[in-house]
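Subject: Handover of a structure and findings

Dear colleague,

Please find the structure below, together with its sequence. A summary of what was found in it follows.

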Amino acid sequence: MSNDNDWEKLTTESKVVSVGRPVKKPDGGLNPPIALNSTFHTGGPIGYARSGNETWSALEDAISSLEGGKTLIFSSGMAAIGAILSILPSKAIIVAAKNGYQGTTTLLKNLHDNGKLTVRFVDVANTKEVLAAIPGAKIVHLESPVNPLLDVADLPQLIKFAKDSSCLVSIDNTFATPMNQNPLAMGADICMHSVTKYLSGHSDVLLGSLSTKDSELYSSLEQARKYGGAIAGPFEAWLALRGIRTFAIRMQRSQENALELAKRLANDPRVSKVRYPGLASDPNHELAKSFMKGFGAMISFEPIGTPDQVDLMCDSAKLITNATSLGGVESIWERRRRWATESETIPENLVRFSVGIENVDDLWSDIKSAFDAAKIS
Ligand SMILES: *Cc1c(COP(=O)(O)O)cnc(C)c1O
């Protein structure tokens with residue numbers, strides 16, 4: 001779009017298609033170039049490619065249109081989180097999810113053990129526990145729904161309390177996506193994404209992003225990127241932008257599939273437990289409904305059997321891939337405890353299922369065959 005503010009009136013479905021395009025001119029391209037330069041002619045605001053890149057800007061504009069504020073992209077979601085942590089004073093107190101994304105919890109544990117930060121790990125679904133941990137903290141970094149248990153945090157209440165306590169709030173919006181909740185609009189200072197997941201959507205790039213409405217925070221984070229050096233490759237940025245064009249339609253389809261499969265799994269006697277915030281029977285359904293527009297496309301469930309049987313089940317599926325990661329067009333599942341770094345509070349049999357855009361009946365047949373192959377009964 002020619003004017004930066006034109007997109008504010010558009011819906012998500014239209015924004016993802018139209019934002020981050022070059023200015024219209026005769027024979028100008030519809031797409032930004034994959035801008036490959038390490039340096040630039042003098043006289044401009046960028047100068048050197050660790051400070052800026054045309055392809056990054058297009059992707060940043062697209063993410064800003066979805067999340068609000070101004071966006072910085074990074075080489076990965078972890079690099080984006082690393083940039084936030086790098087601007088905190090030494091030994092600052094940070095409140096974070098105990099059962100969160102294991103990359104984040106491992107990084108935080110290491111920084112805590114090295115004496116660089118003081119981490120208060122909390123159960124994000126336990127609002128009282130989170131509220132009690134906030135006084136004195138510099139920042140609270142939360143994800144919701146939380147990976148891999150899919151508990152939902154009471155974000156409106158937690159964000160308000162943290163802001164009233166002069167505590168910064170950063171929300172990892174990777175699982176919910178901007179289709180379902182906008183942390184900045186809810187009062188958070190920073191909205192973080194592993195762009196690797198739903199925004200890119202094709203399991204072919206690693207990227208991260210931070211969006212903020214606070215210009216001072218933006219400048220600090222931009223410095224952290226420039227001097228920390230965790231910058232994105234232009235090709236990755238271009239692929240992510242191409243992926244974002246179909247983000248809305250992919251997400252709608254994946255969510256519909258996820259709800260249907262969660263219902264079928266919940267009614268299956270071979271499954272002891274299903275978590276999906278969109279299920280009416282989920283313990284967090286009412287809370288999720290009170291502030292989320294949709295419930296995402298991640299499910300977790302526990303087949304009845306031994307961990308070996310569950311591994312065999314994951315490996316026996318033909319359409320669904322046994323792999324880690326999430327948010328791609330293809331359905332992926334895995335038993336989380338196969339990772340040594342996964343928290344021991346996660347049940348041994350828990351399968352994390354990233355539901356893709358395939359036909360839902362084909363997916364269900366594949367699940368049933370995988371159960372049979374592993375003799376889960
Ligand atoms: C994958 C993921 C990350 C880390 O992102 P990378 O792009 O893999 O570095 C952080 N948070 C959540 C919720 C994730 O799923």
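In what follows, Ala, Val, Leu, Ile, Met, Phe, Trp, Tyr, Cys and Pro count as nonpolar, Asp, Glu, Lys and Arg as charged, and the others, Gly among them, as polar. Please note that this is a predicted model.

**The largest pocket**

By the classes just given, the lining of the largest pocket is made up of 12 polar, 11 nonpolar and 6 charged residues. The volume of this pocket is about 470 Å³. There are 29 lining residues, and those closest to the centre of the pocket are Tyr101, Ser194, Thr196, Lys197 and Ser325. Three elements give two or more residues to the lining, namely helix H3 (77-86), helix H4 (102-113) and strand S6 (190-194). The largest share, 3 residues, comes from H3.

Where does the largest pocket lie with respect to domain 1 and domain 2? Residues of both domain 1 (10-244) and domain 2 (247-373) take part in its lining, so the pocket lies between them.

**Salt bridges**

Side chains of opposite charge can pair when their charged atoms come close. In this model there are 18 salt bridges, and three of them are described here.

The side chains of Glu60 and Arg225 form a salt bridge with an N to O distance of 2.9 Å. Because Glu60 belongs to helix H2 (residues 54-67) and Arg225 to helix H7 (residues 215-228), this pair ties together parts of the chain that are 165 residues apart in sequence. Glu60 and Arg225 are both buried.

A salt bridge also joins the side chains of Lys163 and Asp189, at 2.7 Å from N to O. Here too distant parts of the chain are linked: Lys163 is in helix H6 (residues 155-164), whereas Asp189 is in the loop between strand S5 (168-172) and S6, 26 residues apart. Are the two partners buried or exposed? Lys163 has a relative accessibility of 32% and therefore counts as partly exposed. Asp189, at 12%, counts as buried.

The third pair consists of Glu342 and Arg336, whose closest N and O atoms are 2.6 Å apart. Glu342 counts as buried because its relative accessibility is 5%, and Arg336 counts as buried at 3%. This pair belongs to a network in which salt bridges with shared partners join Glu334, Arg336, Arg338, Glu342 and Arg352.

**Aromatic pairs**

The whole structure contains 3 aromatic pairs. One of them is formed by Phe301 and Trp333, with 6.1 Å between the ring centres and 50 degrees between the planes, and it is tilted. Phe301 is in strand S9 (residues 298-303) and Trp333 is in strand S11 (residues 332-335), so that distant parts of the chain, 32 residues apart, are linked. Phe301 has a relative accessible area of 0% and is therefore buried; the value for Trp333 is 0% as well, and Trp333 is likewise buried.

Trp333 also pairs with Phe353: the ring centres are 5.4 Å apart and the planes meet at 55 degrees, so this pair is tilted. Since Trp333 lies in strand S11 and Phe353 in strand S12 (residues 351-354), the pair ties together parts that are 20 residues apart in sequence. Both Trp333 and Phe353 are buried. Phe301, Trp333 and Phe353 thus make up one aromatic cluster.

**Backbone features**

Most residues other than glycine have a negative phi, and most peptide bonds are trans. The following places depart from that pattern.

The peptide bond from Ser144 to Pro145 is cis, with omega near -10 degrees, and the bond from Asn147 to Pro148 is cis with omega near 0 degrees. Pro145 is located in the loop between strand S4 (139-143) and H6, and Pro148 is also in the loop between S4 and H6.

Asp27, a residue other than glycine, has a positive phi, near 65 degrees. Asp27 sits in the loop between helix H1 (12-18) and H2 and is exposed, with a relative accessible area of 84%. Lys91 is not a glycine either, yet its phi is positive at about 65 degrees. Lys91 is in the loop between H3 and strand S2 (93-97), and with a relative accessible area of 54% it is exposed.

Yours sincerely

Conventions. Residues are numbered from 1 along each chain as its sequence is written. This is a predicted model: local features need pLDDT of at least 70, side-chain atom pairs count only at pLDDT 80 or more; totals for chains, interfaces and linings use all residues. Side-chain values use heavy atoms; hydrogens and water are left out. On a 1 Å grid over the protein atoms alone, a cavity is a set of points where a 1.4 Å probe fits but cannot get out, and a pocket is an open set with protein on both sides within 12 Å along at least five of seven lines; lining residues have an atom within 4 Å of a point. Grid points are joined across faces, edges and corners, and a volume is the space filled by probe spheres set on the points. Helices (H or I, at least four residues) and strands (E, at least two) are DSSP runs, numbered from the N terminus. Domain bounds come from an automatic or database domain assignment. A salt bridge is a side-chain nitrogen of Lys or Arg within 4 Å of a carboxyl oxygen of Asp or Glu. Buried means under 20% relative accessible area, exposed over 50%, partly exposed in between (1.4 Å probe, protein chains only). Rings of Phe, Tyr and Trp (its six-membered ring) pair if their centres lie within 6.5 Å; planes under 30 degrees apart count as stacked, over 60 as edge-to-face and the rest as tilted.
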